[in-house]
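Trainee: I have a model open and some time to go through it. Can we take it piece by piece?
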Amino acid sequence: MSGHGVTAPARLESPAAGIAGAAPVAKLLGALLIALALVPSLDPVSSAVALGLELALLPLLRIPPGRLLRRIAPLLVAAPLAGVTIALYGRTSGEVYARFLLAVISDGSLALAGTTVLRVLAIALPALVLALTIDTTELADGLAQTLRLPARFVLGALAGLRLVGLTMEDRRTIARARRARGVGDRGIVGRVLGTGFTLLVVALRRGTTLATAMEARGFGADVPRTWARPARFGVREWLVVAGCAAIGALALTAAIVTGFWGWGVR
Amino acid sequence: MRGLDLAIEPGERVLLLGASGSGKSTLLRALAGVLGDDEGEQSGRLTLGGAPPALGRAGLVLQDPDSQVVLARVGDDVAFGAENLGVPREEIARRVPAALAAVGLDVALDRSTEALSGGQRQRLALAGALAMRPGVLLLDEPTANLDPAGVVEVRDAVARAVAASGATLVVVEHRVAVWAEVVDRIVVLSPRGLLADGPPARVLAAQGAELAARGIWVPGREPAAPERRRPADPAAPALVSARGLAVGREGVTVRAGLDLDVRPGSLLAVTGANGSGKSTLAQTLGGLRAPAGGNLDAFGRGSPHRWRSRELLPRLGSVFQNPEHQFLRRTVREEIELGPRELARGRRGGEPRLAAAQELLVRLRLAPLARANPFTLSGGEQRRLSVATALATAPEVLVLDEPTFGQDANTWAELVALCAELLDEGRAIVAATHDADFVAALADRRLELA
């Protein structure tokens, strides 16, 4: 490979465009605003309004449907399960439809169950979907530059995150090594204990090397750090935050106007 | 190490040699300013350009390609050091492409660092150091974990970068031939100070024999290949045979259509570049991975990945590339006795056969370390122990993955002599390796994964 005449552009910015390319800090802030608006009340109106608005705005992110479905699949399982549990064991009121041991299905528990499903979806959907488009490196840029968290902490966590992938690979290798040593047939307890120590030692070795390599590159030197790539927080980012705030505000207003606000808490 | 007096002038290119444990790596880390207060004692004076070493003044590249990538994208990783030193943004934007060009890494700035080969990752680490514009470049066995192509790649990148920047170079490595042409001075360390110091030709001529005796790879003084008393019988019935075998990892087929036979008294060398599937094939033959397709039979008992773990012990012994992955016990003795004890658990009223384990401890010079923790041994000792643990259950087929990787010349000679003995006893060996000397010394047949 010839090293001369490298033509790669001297550009370190990320190429993603549109709302999906907004800074991760804005996305986190937005998801947080929606959650803050919905958490205090247990009513069906605020959750339904928020979920409806979220679904209407979802296409703006231009996430391929397959990837989207894969990411929210756990949510589609967990939300109905939560609903079923509440329907069986939620506070009993109104007409009772069925009883079995401690489980009582009533008007009240059914209404509560429906509301719970709506609420779980309305809060978790934006968080999951926005997280889907977050790049960890850009998140670190934003946390350190926009939110001014300590660079040492943010970059240390980012580098450590990379080691997690290597550790997963090590775990599989160690499992094979145990089989080669004749102890691969032992039960789950023996396996976890036996693998754990070796994995810990190997991971610590890697961590030490990485820490040395980072220090050798001036990490932790007594100089104010610069950032090769500026973290943006411009119009697009404010739009994301404002959009999420609007979803929360509309949901709250609808609940208050219709008199449902605080319904489940009473 | 103590009592060392050494001065390195600006622009000098130094190869630092010494037996393992002579303090080479410690000296490099001290120069780079990354030696913590808890990592030993220090006396005397150490200066870099007239001042005590400080973080980021010298560029340091370490041995393990996996553990020194800091960030997820190539451009970010190269910029990391310069950012930490507070270099202005516009200047970093100029330095990053220049550093990548200097090491010949012609990839996009947003390329994932996960997608790079070992040699590319080492050049990435070098580029990251160069982007800091250090006066001194410190390299700690930068090519020990690479295949032959990767070694040349990195060596040439270093030579080019040093020539262009005029930086001082200090490199630690025990394969002298790789660096002899790049450096203009060889310094040999011992725990008690300097052993030799001078131009490469003079040091190697005057002290070549002594260096070789200490396990350093001196050109023209490589260890000799052992004699085989019994030539391999090409007609012997195969212990393991594969037809149209496909191997893969985590559901991805790496290589397909492999035909091979493993015969008693014969060594099959599996060669090929990093990532060609050598390790995957070795693990499949050792019964540690399911084949991705085709037929595999061992000892007439079907594919070994279906066997119980204990059934492997007397038949297929596997030695991994990284010995630490295989250690399961607190002491060297317990480690080596584990296999025989497991084997005894499977026999009716069986007592473990520990005499062979004891013999192996002595034979591989591990007896004085019997009570030591395996994780605290040196690289060469760990390698010998991992081979000994596999041999303790006397497997008929031994599967070795890069057995001589990064070993000094003495350990290398011991391993090769041991393999020759095993072959003479009629055992079979499969070795995945890119060590050309090992292949030349022992291979009866060779399977090249291109």
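Trainee: Is B:Arg249 buried, partly exposed or exposed?
Mentor: B:Arg249 is partly exposed, with a relative accessible area of 28%. Buried means under 20% relative accessible area, exposed means over 50%, and partly exposed is in between, using a 1.4 Å probe and protein chains only. Before we go on: this is a predicted model, where local features need pLDDT of at least 70, side-chain atom pairs count only at pLDDT 80 or more, and totals for chains, interfaces and linings use all residues. Residues are numbered from 1 along each chain as its sequence is written, chains are lettered from A and ligands numbered from 1 in the order in which they are written, and side-chain values use heavy atoms, with hydrogens and water left out.

Trainee: OK. What does B:Arg249 form a salt bridge with?
Mentor: Its partner is A:Glu169, and the closest N and O atoms are 3.9 Å apart. A salt bridge here is a side-chain nitrogen of Lys or Arg within 4 Å of a carboxyl oxygen of Asp or Glu.

Trainee: Where do B:Arg249 and A:Glu169 lie?
Mentor: B:Arg249 lies in strand E7 (residues 240–249) of chain B and A:Glu169 in helix H6 (residues 151–180) of chain A, so the pair joins two chains. Helices (H or I, at least four residues) and strands (E, at least two) are DSSP runs, numbered from the N terminus. A:Glu169 is partly exposed, at a relative accessible area of 25%.

Trainee: Which residues are linked in a network with that pair?
Mentor: The network of salt bridges links A:Glu169, A:Arg172, B:Arg249, B:Glu250 and B:Arg289. Within that group, B:Glu250 and A:Arg172 meet through their side chains at 3.6 Å, N to O.

Trainee: How many salt bridges does the rule find across the interface of chain B and chain A?
Mentor: The rule finds 11 across that interface. Over all chains the count comes to 43.

Trainee: And how many residue pairs are in polar contact between the two chains?
Mentor: There are 29 such pairs between chain B and chain A, both residues at pLDDT 80 or more. A polar contact is a pair of N or O atoms within 3.5 Å; within protein, one must be able to donate a hydrogen and the other to accept it, and residues adjacent in sequence count only if both atoms are side-chain atoms.

Trainee: Which element gives the most to the side of chain B that touches chain A?
Mentor: That is H2(B), with 9 residues. The residues on that side of chain B divide into 34 nonpolar, 19 polar and 23 charged. Ala, Val, Leu, Ile, Met, Phe, Trp, Tyr, Cys and Pro count as nonpolar, Asp, Glu, Lys and Arg as charged, and the others, Gly among them, as polar.

Trainee: How many residues does the contact take from each chain?
Mentor: It takes 76 residues from chain B and 62 residues from chain A, with contact meaning heavy atoms within 4.5 Å. Chain B and chain A bury about 6100 Å² between them, 54% of it on carbon and sulfur atoms. Buried area is the accessible area (1.4 Å probe) that two parts lose on being put together, summed over both.

Trainee: Back to salt bridges. What does B:Asp197 meet in one?
Mentor: B:Asp197 meets B:Arg185, at 2.9 Å, N to O. B:Asp197 is in strand E6 (residues 193–198) and B:Arg185 in strand E5 (residues 185–190) of chain B, so the pair ties together parts that are 12 residues apart in sequence. B:Asp197 is partly exposed at 30%, whereas B:Arg185 is buried at 10%.

Trainee: What is B:Glu12 in contact with, leaving aside neighbours within four places in sequence?
Mentor: Its contacts include B:Arg185 and B:Asp184. B:Glu12 lies in the segment before strand E1 (13–17) of chain B and counts as buried, at 18% relative accessibility.

Trainee: New topic. What is odd about phi in A:Arg62?
Mentor: A:Arg62 has a positive phi of about 50 degrees although it is not a glycine. Most residues other than glycine have a negative phi. A:Arg62 lies in the loop between helix H2 (44–57) and helix H3 (65–89) of chain A, and is exposed at 71%.

Trainee: Last one. Where is B:Leu418, and is it buried or exposed?
Mentor: B:Leu418 is in helix H13 (residues 409–424) of chain B and is buried, with a relative accessible area of 5%. B:Leu418 touches residues including B:Leu364 and B:Val387. B:Leu364 is 54 residues away from B:Leu418 in sequence and 9.0 Å away in space, C-alpha to C-alpha.
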